[in-house]
Amino acid sequence: MNATPLEALGVVGYRLTDHDLELLAFLAEHRLALPAHVAALLRTSAAAASTRLNKLADTGLVKRQAPFPGEPHSYQITRTGLAYIGSHLPTPRVDVRAYEHDVGVAWLWLAARGGTFGPVQESTGERRLRSDDGARDPDAEPVGVRLGGFGPHGRERLHYPDLILRTADGRRVALELELTPKSRTRLETILAGYGADPRFDGVVYLVQSATVARGVQAAARRVGISERVHLQRVRMTVSRTASAAARAAERTPPTGQRKRAPEAVR
(Lines give C-alpha, C1' and ligand atoms only; values in the text may rest on other atoms or scores of the structure.)
Protein backbone atom coordinates (compact mmCIF):
# COMPACT_ATOMS: atom_id res chain seq x y z
CA MET A 1 0.00 0.00 0.00
CA ASN A 2 1.08 3.58 -0.56
CA ALA A 3 2.36 5.42 2.48
CA THR A 4 0.48 8.41 3.82
CA PRO A 5 2.58 11.61 3.45
CA LEU A 6 4.23 12.60 6.72
CA GLU A 7 2.87 16.13 6.47
CA ALA A 8 -0.69 14.78 6.39
CA LEU A 9 0.01 13.06 9.72
CA GLY A 10 1.36 16.22 11.30
CA VAL A 11 5.03 15.17 11.06
CA VAL A 12 7.24 17.90 9.64
CA GLY A 13 10.97 18.46 9.34
CA TYR A 14 11.91 14.79 8.97
CA ARG A 15 12.64 12.74 5.85
CA LEU A 16 12.42 8.97 6.20
CA THR A 17 15.09 6.75 4.67
CA ASP A 18 14.75 3.22 3.30
CA HIS A 19 16.15 1.95 6.62
CA ASP A 20 13.46 3.87 8.50
CA LEU A 21 10.78 2.23 6.37
CA GLU A 22 12.31 -1.21 6.92
CA LEU A 23 12.36 -0.55 10.65
CA LEU A 24 8.73 0.61 10.74
CA ALA A 25 7.66 -2.49 8.83
CA PHE A 26 9.50 -4.64 11.37
CA LEU A 27 7.90 -2.83 14.31
CA ALA A 28 4.45 -3.27 12.76
CA GLU A 29 4.86 -7.05 12.87
CA HIS A 30 5.93 -7.20 16.53
CA ARG A 31 4.56 -5.97 19.82
CA LEU A 32 7.84 -4.33 20.75
CA ALA A 33 11.52 -4.16 19.87
CA LEU A 34 14.79 -3.32 21.57
CA PRO A 35 17.75 -1.46 20.03
CA ALA A 36 19.56 -4.80 19.83
CA HIS A 37 16.81 -6.12 17.53
CA VAL A 38 17.13 -3.10 15.27
CA ALA A 39 20.93 -3.37 15.22
CA ALA A 40 20.56 -6.95 13.95
CA LEU A 41 17.82 -6.00 11.49
CA LEU A 42 19.76 -3.13 9.91
CA ARG A 43 23.23 -4.61 10.47
CA THR A 44 24.39 -1.62 12.42
CA SER A 45 25.62 -0.83 15.93
CA ALA A 46 23.36 -0.69 18.98
CA ALA A 47 24.20 3.00 19.37
CA ALA A 48 23.20 3.77 15.77
CA ALA A 49 20.01 1.73 16.21
CA SER A 50 19.10 3.67 19.35
CA THR A 51 19.70 6.98 17.57
CA ARG A 52 17.42 5.99 14.70
CA LEU A 53 14.70 4.74 17.05
CA ASN A 54 14.82 7.89 19.13
CA LYS A 55 14.49 10.08 16.05
CA LEU A 56 11.43 8.11 14.99
CA ALA A 57 10.06 8.44 18.53
CA ASP A 58 10.49 12.22 18.30
CA THR A 59 8.29 12.24 15.17
CA GLY A 60 5.50 10.28 16.89
CA LEU A 61 5.82 7.33 14.50
CA VAL A 62 7.27 5.22 17.32
CA LYS A 63 6.69 5.17 21.08
CA ARG A 64 9.59 4.83 23.51
CA GLN A 65 9.22 3.15 26.90
CA ALA A 66 11.58 2.45 29.82
CA PRO A 67 10.78 -1.00 31.31
CA PHE A 68 13.26 -0.59 34.19
CA PRO A 69 15.64 2.15 35.31
CA GLY A 70 19.06 1.74 33.78
CA GLU A 71 17.89 -0.84 31.21
CA PRO A 72 17.46 -0.34 27.43
CA HIS A 73 14.28 1.30 26.20
CA SER A 74 11.72 -0.73 24.30
CA TYR A 75 9.94 0.69 21.25
CA GLN A 76 6.50 0.22 19.68
CA ILE A 77 5.04 1.53 16.46
CA THR A 78 2.20 4.00 16.98
CA ARG A 79 -1.08 4.43 15.18
CA THR A 80 0.59 7.26 13.22
CA GLY A 81 3.45 4.99 12.24
CA LEU A 82 1.08 2.25 11.08
CA ALA A 83 -0.89 4.78 9.03
CA TYR A 84 2.28 6.08 7.42
CA ILE A 85 3.29 2.66 6.06
CA GLY A 86 -0.30 1.80 5.12
CA SER A 87 -0.60 -1.07 7.61
CA HIS A 88 -4.00 -2.22 8.81
CA LEU A 89 -2.55 -4.05 11.82
CA PRO A 90 -3.79 -2.84 15.21
CA THR A 91 -1.66 -0.69 17.46
CA PRO A 92 0.46 -3.14 19.47
CA ARG A 93 -0.12 -3.51 23.19
CA VAL A 94 2.41 -4.91 25.62
CA ASP A 95 1.20 -7.55 28.07
CA VAL A 96 3.44 -7.32 31.15
CA ARG A 97 3.23 -11.07 31.67
CA ALA A 98 4.41 -11.78 28.11
CA TYR A 99 7.14 -9.13 27.88
CA GLU A 100 10.06 -11.57 27.86
CA HIS A 101 8.26 -13.81 25.38
CA ASP A 102 7.51 -10.92 22.98
CA VAL A 103 11.16 -9.91 22.92
CA GLY A 104 12.12 -13.52 22.25
CA VAL A 105 9.66 -13.81 19.35
CA ALA A 106 11.24 -10.78 17.68
CA TRP A 107 14.59 -12.56 17.91
CA LEU A 108 13.03 -15.67 16.37
CA TRP A 109 11.75 -13.63 13.41
CA LEU A 110 15.24 -12.23 12.88
CA ALA A 111 16.76 -15.70 13.19
CA ALA A 112 14.36 -17.05 10.56
CA ARG A 113 15.19 -14.10 8.30
CA GLY A 114 18.89 -14.89 8.73
CA GLY A 115 18.49 -18.52 7.66
CA THR A 116 18.69 -20.24 11.05
CA PHE A 117 15.80 -22.52 10.07
CA GLY A 118 16.94 -22.97 6.48
CA PRO A 119 15.75 -21.18 3.33
CA VAL A 120 12.43 -19.46 4.07
CA GLN A 121 10.08 -17.85 1.57
CA GLU A 122 7.79 -16.22 4.12
CA SER A 123 7.60 -15.61 7.88
CA THR A 124 4.28 -14.65 9.45
CA GLY A 125 3.96 -13.72 13.12
CA GLU A 126 1.11 -14.03 15.57
CA ARG A 127 0.08 -10.36 15.31
CA ARG A 128 -0.56 -10.65 11.58
CA LEU A 129 -2.22 -14.06 11.90
CA ARG A 130 -4.71 -12.74 14.43
CA SER A 131 -5.37 -9.64 12.36
CA ASP A 132 -5.97 -11.68 9.21
CA ASP A 133 -8.45 -13.90 11.01
CA GLY A 134 -10.21 -10.88 12.47
CA ALA A 135 -10.79 -9.53 8.95
CA ARG A 136 -11.66 -12.80 7.21
CA ASP A 137 -15.03 -13.72 5.79
CA PRO A 138 -17.02 -15.74 8.38
CA ASP A 139 -17.22 -18.67 5.96
CA ALA A 140 -13.48 -18.68 5.17
CA GLU A 141 -11.07 -21.09 6.81
CA PRO A 142 -9.17 -19.47 9.70
CA VAL A 143 -5.41 -19.15 9.55
CA GLY A 144 -5.25 -20.16 13.22
CA VAL A 145 -5.17 -23.77 14.41
CA ARG A 146 -8.62 -25.07 15.30
CA LEU A 147 -8.86 -26.41 18.84
CA GLY A 148 -12.47 -27.54 18.68
CA GLY A 149 -15.52 -25.98 20.24
CA PHE A 150 -16.24 -22.35 20.95
CA GLY A 151 -14.94 -19.89 23.49
CA PRO A 152 -16.23 -16.62 24.94
CA HIS A 153 -18.82 -14.74 22.87
CA GLY A 154 -19.38 -17.84 20.74
CA ARG A 155 -16.08 -17.53 18.87
CA GLU A 156 -14.37 -20.59 17.49
CA ARG A 157 -11.43 -21.67 19.65
CA LEU A 158 -8.19 -21.05 17.76
CA HIS A 159 -4.49 -21.18 18.55
CA TYR A 160 -1.88 -18.99 16.88
CA PRO A 161 1.77 -20.05 16.57
CA ASP A 162 4.41 -17.49 17.42
CA LEU A 163 5.66 -17.73 13.85
CA ILE A 164 4.67 -19.65 10.72
CA LEU A 165 7.43 -20.32 8.21
CA ARG A 166 6.86 -21.24 4.59
CA THR A 167 10.05 -22.96 3.51
CA ALA A 168 11.70 -22.79 0.12
CA ASP A 169 10.40 -26.29 -0.69
CA GLY A 170 6.81 -25.34 0.16
CA ARG A 171 6.51 -26.82 3.65
CA ARG A 172 4.62 -24.96 6.38
CA VAL A 173 6.24 -25.08 9.81
CA ALA A 174 5.01 -23.54 13.07
CA LEU A 175 7.43 -22.14 15.65
CA GLU A 176 6.47 -22.02 19.33
CA LEU A 177 8.68 -20.20 21.84
CA GLU A 178 7.80 -22.07 25.03
CA LEU A 179 9.48 -20.32 27.97
CA THR A 180 7.13 -21.54 30.71
CA PRO A 181 5.18 -24.78 31.19
CA LYS A 182 1.57 -24.98 30.04
CA SER A 183 -0.94 -27.18 31.80
CA ARG A 184 -1.14 -30.74 30.50
CA THR A 185 -4.66 -30.19 29.17
CA ARG A 186 -3.80 -26.95 27.39
CA LEU A 187 -0.65 -28.38 25.80
CA GLU A 188 -2.38 -31.56 24.64
CA THR A 189 -5.25 -29.54 23.17
CA ILE A 190 -2.85 -27.38 21.13
CA LEU A 191 -0.80 -30.36 19.91
CA ALA A 192 -3.97 -32.26 18.99
CA GLY A 193 -5.01 -29.22 16.98
CA TYR A 194 -1.73 -29.31 15.07
CA GLY A 195 -2.14 -33.05 14.55
CA ALA A 196 -5.57 -32.55 12.98
CA ASP A 197 -4.44 -29.68 10.74
CA PRO A 198 -3.02 -30.96 7.43
CA ARG A 199 -1.70 -27.48 6.55
CA PHE A 200 1.24 -27.92 8.95
CA ASP A 201 4.15 -30.18 8.11
CA GLY A 202 5.77 -29.78 11.50
CA VAL A 203 5.98 -27.84 14.75
CA VAL A 204 9.23 -26.66 16.32
CA TYR A 205 9.14 -25.94 20.05
CA LEU A 206 11.98 -23.71 21.21
CA VAL A 207 12.59 -24.22 24.92
CA GLN A 208 15.20 -23.19 27.47
CA SER A 209 14.06 -25.52 30.27
CA ALA A 210 14.49 -29.29 30.34
CA THR A 211 11.23 -29.50 32.29
CA VAL A 212 9.34 -27.71 29.51
CA ALA A 213 11.02 -29.92 26.90
CA ARG A 214 9.96 -33.10 28.70
CA GLY A 215 6.41 -31.80 29.01
CA VAL A 216 6.15 -31.10 25.27
CA GLN A 217 7.65 -34.48 24.37
CA ALA A 218 5.27 -36.35 26.67
CA ALA A 219 2.23 -34.45 25.39
CA ALA A 220 3.24 -35.11 21.76
CA ARG A 221 3.47 -38.83 22.50
CA ARG A 222 0.09 -38.89 24.21
CA VAL A 223 -1.69 -37.27 21.24
CA GLY A 224 0.28 -39.36 18.72
CA ILE A 225 2.19 -36.69 16.79
CA SER A 226 5.75 -37.15 18.07
CA GLU A 227 7.08 -37.44 14.52
CA ARG A 228 5.81 -33.94 13.66
CA VAL A 229 7.02 -32.18 16.82
CA HIS A 230 10.64 -31.10 17.11
CA LEU A 231 12.42 -29.48 20.04
CA GLN A 232 15.29 -27.03 19.97
CA ARG A 233 16.99 -25.54 23.01
CA VAL A 234 17.48 -21.78 23.23
CA ARG A 235 19.26 -19.67 25.81
CA MET A 236 17.80 -16.42 27.06
CA THR A 237 20.50 -14.02 28.27
CA VAL A 238 19.71 -11.15 30.60
CA SER A 239 21.73 -8.79 32.77
CA ARG A 240 21.85 -9.30 36.53
CA THR A 241 19.77 -6.17 37.00
CA ALA A 242 17.17 -7.44 34.55
CA SER A 243 17.09 -10.87 36.19
CA ALA A 244 16.45 -9.32 39.59
CA ALA A 245 13.71 -7.11 38.14
CA ALA A 246 12.07 -10.12 36.51
CA ARG A 247 12.03 -12.01 39.81
CA ALA A 248 10.47 -9.00 41.52
CA ALA A 249 7.83 -8.75 38.79
CA GLU A 250 6.90 -12.39 39.33
CA ARG A 251 5.95 -11.55 42.91
CA THR A 252 3.88 -8.46 42.11
CA PRO A 253 0.29 -8.24 40.85
CA PRO A 254 -0.27 -7.80 37.07
CA THR A 255 -0.47 -4.04 37.58
CA GLY A 256 3.00 -3.95 39.13
CA GLN A 257 6.43 -3.59 37.59
CA ARG A 258 7.04 -5.06 34.17
CA LYS A 259 9.10 -8.12 33.58
CA ARG A 260 12.45 -7.40 31.97
CA ALA A 261 13.10 -8.69 28.48
CA PRO A 262 16.07 -10.89 27.59
CA GLU A 263 18.95 -9.42 25.63
CA ALA A 264 18.91 -12.25 23.13
CA VAL A 265 17.60 -15.65 22.15
CA ARG A 266 20.30 -17.88 20.82
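Sorted by class, the residues that line the second largest pocket of this predicted model comprise 5 nonpolar, 4 polar and 3 charged ones. The pocket has a volume of about 180 Å³, and its lining is made up of 12 residues, among which Gly 86, Ser 87, His 88, Leu 89 and Arg 128 lie nearest the centre. Two elements, helix H1 (18-29) and helix H6 (126-135), are the ones that give two or more residues to the lining of this second largest pocket.

From the pocket, helix H1 leads to its contacts with other helices, beginning with helix H2, which spans residues 35-42. The axes of H1 and H2 come within 11 Å and cross at roughly 125°; because an angle of that kind falls outside the ranges counted as roughly parallel, roughly antiparallel or roughly perpendicular, the two helices are described as oblique to each other. The crossing of H1 and H2 is right-handed. On the H1 side the residues that take part are His 19, Glu 22, Leu 23 and Phe 26, and these meet His 37, Val 38, Leu 41 and Leu 42 of H2. By class, the residues of this contact of H1 with H2 are 5 nonpolar, 2 polar and 1 charged.

Helix H1 also packs with helix H3, residues 46-59, where the two axes come within 11 Å and cross at roughly 80°. H1 and H3 are therefore roughly perpendicular to each other, since angles of 65 to 115 degrees are counted in that way. The residues in contact are His 19, Asp 20, Leu 23, Leu 24 and Leu 27 from H1, together with Arg 52, Leu 53 and Leu 56 from H3, and they divide into 5 nonpolar, 1 polar and 2 charged. His 19 and Leu 23 of H1 thus appear in the contact with H2 and again in the contact with H3.

The remaining pairing among these helices is that of H2 with H3, which pack at an angle of about 105° with their axes 8 Å apart, and which are therefore roughly perpendicular to each other. Here Pro 35, Val 38, Ala 39 and Leu 42 of H2 make contact with Ala 46, Ala 49, Ser 50, Arg 52 and Leu 53 of H3; by class, the residues of the H2 and H3 contact are 7 nonpolar, 1 polar and 1 charged. Val 38 and Leu 42 of H2 take part in this contact as well as in the one with H1, while Arg 52 and Leu 53 of H3 belong both to this contact and to that of H3 with H1.

The last feature to consider is enclosed space, for which a search of the whole structure finds 1 cavity of 30 Å³ or more. The largest cavity has a volume of about 110 Å³, and the residues that line it are Glu 29, His 30, Arg 31, Asp 102, Val 105, Ala 106, Gly 125, Glu 126, Arg 127, Asp 162 and Leu 163. Helix H5 (99-113) and H6 are the elements that give two or more residues to this lining, and H5 gives the most, with 3 residues. By class, the lining of the largest cavity divides into 3 nonpolar, 2 polar and 6 charged residues. Helix H6 therefore recurs, being named for the lining of this cavity and also for that of the second largest pocket.

Conventions. Residues are numbered from 1 along each chain as its sequence is written. This is a predicted model: local features need pLDDT of at least 70, side-chain atom pairs count only at pLDDT 80 or more; totals for chains, interfaces and linings use all residues. Side-chain values use heavy atoms; hydrogens and water are left out. On a 1 Å grid over the protein atoms alone, a cavity is a set of points where a 1.4 Å probe fits but cannot get out, and a pocket is an open set with protein on both sides within 12 Å along at least five of seven lines; lining residues have an atom within 4 Å of a point. Grid points are joined across faces, edges and corners, and a volume is the space filled by probe spheres set on the points. Helices (H or I, at least four residues) and strands (E, at least two) are DSSP runs, numbered from the N terminus. Ala, Val, Leu, Ile, Met, Phe, Trp, Tyr, Cys and Pro count as nonpolar, Asp, Glu, Lys and Arg as charged, and the others, Gly among them, as polar. Axes are lines fitted to C-alpha atoms, for helices over the stretch in contact, and angles run from 0 to 180 degrees between N-to-C directions. Angles under 35 degrees count as roughly parallel, over 145 as roughly antiparallel, 65 to 115 as roughly perpendicular and the rest as oblique. A crossing is left-handed if the near helix is turned anticlockwise from the far one by less than a right angle, and right-handed if clockwise. Contact means heavy atoms within 4.5 Å.
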